[in-house]
Amino acid sequence: RFSLQSSASSPRDNSRPLVSEFSIGITTLRADGDIRLESGLTIPLSLRLHGQDRRRVAPDEPLTIVGEIATDDFAEGFRATNGECFGAGIGCEYHWSEIASGMPLSDPIMSDSPTVVSFVGKVLQVSFILKPLVVVSGTRFTFELSLWENRIPFKRRGFAQVTVDVNKRPRNGHLRVSPSVGDAFVTPFLAEALFWEDDPDDLPLRYRFTYSYGASSHRHLAGPLQLGASLSASFPLSSAPAFEEA
């Protein structure tokens with residue numbers, strides 16, 4: 001068994017390219033000195049992200065992978081049974097796995113989605129949802145979806161893989177305010193967000209400044225979301241709206 005694989009990478013970040021891959025499995029048998037394909041067509045599957053930026057996904061949010069087979073490809077793969085799967089009378093199975101780090105997807109901490117989807121007849125689309133807890137900034141996942149036909153021996157009819165990068169948060173920066181002491185409503189304070197870094201294709205960064213009174217955790221907006229990394233203002237502001245993080 002071997003596989004043919006194609007990959008596409010974003011050229012905007014050569015130091016750490018984001019790569020998506022698609023693979024098709026092929027089984028060969030040696031007979032009388034020749035190589036021949038195993039009987040039964042390999043069925044091409046495809047994987048895509050649902051509801052996320054196609055270049056990378058956001059951290060701390062559910063990650064949904066959708067697997068699909070085109071109607072014509074499924075029909076061609078099972079043309080001997082009128083375009084449907086009836087392997088050994090118990091049909092076929094989709095199997096989900098994560099192969100970059102061997103993450104146990106069946107663990108309820110990871111997901112509530114089943115890693116094995118059994119069916120008889122025709123199912124062209126399945127999905128898998130990873131819980132926000134494990135979608136950690138800077139993590140790379142490689143998901144694989146396989147289609148197995150329940151026959152003797154158990155036979156894999158096709159598979160696909162997709163590599164997903166979880167976006168990193170801005171990092172290595174800090175906030176500087178001067179002067180450190182002043183008079184309310186009078187002294188202009190300069191706030192500067194310094195040395196924040198991010199991946200090249202996430203630049204330029206945008207900044208939002210907020211403030212709170214004393215030990216209160218309730219924050220107020222000091223200004224709009226902006227490209228500039230500094231803000232000059234006297235505090236408290238006379239009409240500062242409350243800040244609610246989306």
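Analyst: Buried here means under 20% relative accessible area. Keep that cut-off handy, and keep in mind that this is a predicted model.

User: OK, let's use it on Cys92. Is Cys92 buried or exposed, and why?

Analyst: Cys92 has 0% relative accessibility, so Cys92 counts as buried.

User: And what about Cys85, buried or exposed?

Analyst: Buried again: Cys85 sits at 0% relative accessibility.

User: Which residue does Cys85 form a disulfide with?

Analyst: With Cys92; the two sulfur atoms are 1.8 Å apart. In general, a disulfide is a covalent bond between the sulfur atoms of two cysteines.

User: How many disulfides does the structure hold?

Analyst: Just one disulfide.

User: Right-handed or left-handed, and why?

Analyst: The disulfide of Cys85 and Cys92 is right-handed, because the torsion about its S-S bond is about 90°.

User: Switching topic to the sheet. Which strands form it, and in what order?

Analyst: The order is β5-β6-β9, three strands in an open sheet with antiparallel pairing.

User: Which strands stand at the edges?

Analyst: β5 (46-50) and β9 (125-130) do. Each has a single partner strand, so one side of each is left without a neighbour in the sheet.

User: How are neighbouring strands turned against each other?

Analyst: By 25° on average, ignoring direction.

User: Back to β5. How many bridges does β5 share with β6?

Analyst: Five bridges, with β5 and β6 (residues 63-68) pairing in the antiparallel sense.

User: What's the bridge partner of Ser46 in β6?

Analyst: That's Glu68.

Methods
Residues numbered from 1 in each chain as written. Predicted model: local features only at pLDDT ≥ 70, side-chain atom pairs only at ≥ 80, totals over all residues. Heavy atoms only, no water. Pairing = 2+ DSSP bridges. Helix = DSSP H or I, 4+ residues; strand = E, 2+ residues; numbered from the N terminus. Axes fitted to C-alpha atoms, helices over the stretch in contact; angles between N-to-C directions. Disulfide = S-S within 2.5 Å. Buried < 20%, exposed > 50% of the residue type's maximum accessible area, 1.4 Å probe, protein only.
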